Amino acid sequence: MTTTVTTKGQVTIPKAVREHLGIEPGSQVDFELLLDRRIALVKHGAAPPESFFARFIGHAGPGMTTDELMALVRGGA
């Protein structure tokens, strides 16, 4: 998505981005400088995004006990 900077240094945040971030009139936003010289627009006070792996915590079901796993690894199962 491309937008144009005005002579006052202002830009319009595209509607899809505003909706995705929950930005409404009066919302505060933060600009975060990333290491690769990009900038991230973040709604002020928003929770950090969930990591990719966090979604899978607790989804494997009950697993083996430590003793069962060690026996399997050591070839005693």
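The following paragraphs lead through the fold, the hairpin, the charged pairs and the surface of this predicted model.

Because the model is predicted, local features are accepted only at pLDDT of at least 70 and side-chain atom pairs only at pLDDT 80 or more, whereas totals for chains, interfaces and linings use all residues. Residues are numbered from 1 along each chain as its sequence is written, and side-chain values rest on heavy atoms, with hydrogens and water left out.

The protein chain holds 2 helices and 2 strands, arranged along the sequence as α-β-β-α; here helices (H or I, at least four residues) and strands (E, at least two) are DSSP runs numbered from the N terminus. Of the 77 residues in the chain, 1% are buried, where buried means under 20% relative accessible area, exposed means over 50%, and partly exposed covers what lies in between, with a 1.4 Å probe and protein chains only. Among the contacts with a separation of 6 or more, 5% link residues 24 or more positions apart, a contact being heavy atoms within 4.5 Å. The accessible surface of the chain comes to about 7,300 Å², and carbon and sulfur atoms contribute 58% of that area, as calculated by the Shrake-Rupley method with a 1.4 Å probe, counting only the protein chains shown as cover for residues.

The two strands form a hairpin, in which β1 (residues 29-33) and β2 (residues 39-43) run antiparallel and are joined by 5 bridges; strands are taken to pair if DSSP finds at least two bridges between them. Within this pairing, valine 29 stands opposite lysine 43 of β2. Between the strands lie 5 residues, and in this hairpin arginine 37 takes a positive phi near 75°.

Aspartate 30, which belongs to strand β1, offers a closer view of how the hairpin is connected. Leaving aside residues up to four places away in sequence, aspartate 30 touches Ala40, Leu41, Val42 and His44. Its C-alpha lies 8.0 Å from that of alanine 40, although the two residues are 10 apart in sequence. The side chain of aspartate 30 also makes a polar contact with the side chain of histidine 44 at 3.1 Å, such a contact being a pair of N or O atoms within 3.5 Å, where within protein one must be able to donate a hydrogen and the other to accept it, and where residues adjacent in sequence count only if both atoms are side-chain atoms. Because its relative accessible area is 29%, aspartate 30 counts as partly exposed.

Side chains of opposite charge can pair when their charged atoms come close. The structure holds 2 salt bridges, each defined as a side-chain nitrogen of Lys or Arg within 4 Å of a carboxyl oxygen of Asp or Glu. One joins lysine 15 to glutamate 19, with the closest N and O atoms 3.8 Å apart; both residues lie in helix α1 (residues 15-21), 4 residues apart, or about one turn of the helix. Lysine 15 is exposed at 54% relative accessibility, and glutamate 19 is exposed at 55%. Another joins the side chains of aspartate 36 and arginine 38, at 2.7 Å from N to O; here aspartate 36 is partly exposed at 46%, while arginine 38 is exposed at 53%.

Finally, Met64, Leu69, Leu72 and Val73 make a nonpolar surface patch of about 390 Å². Patches are made of residues with over 30% relative accessible area and no salt bridge, like charges being joined within 9 Å and nonpolar side chains (Val, Leu, Ile, Met, Phe, Trp, Tyr) within 5 Å. Leucine 69 lies in helix α2 (residues 66-73) and, with a relative accessible area of 41%, is partly exposed.
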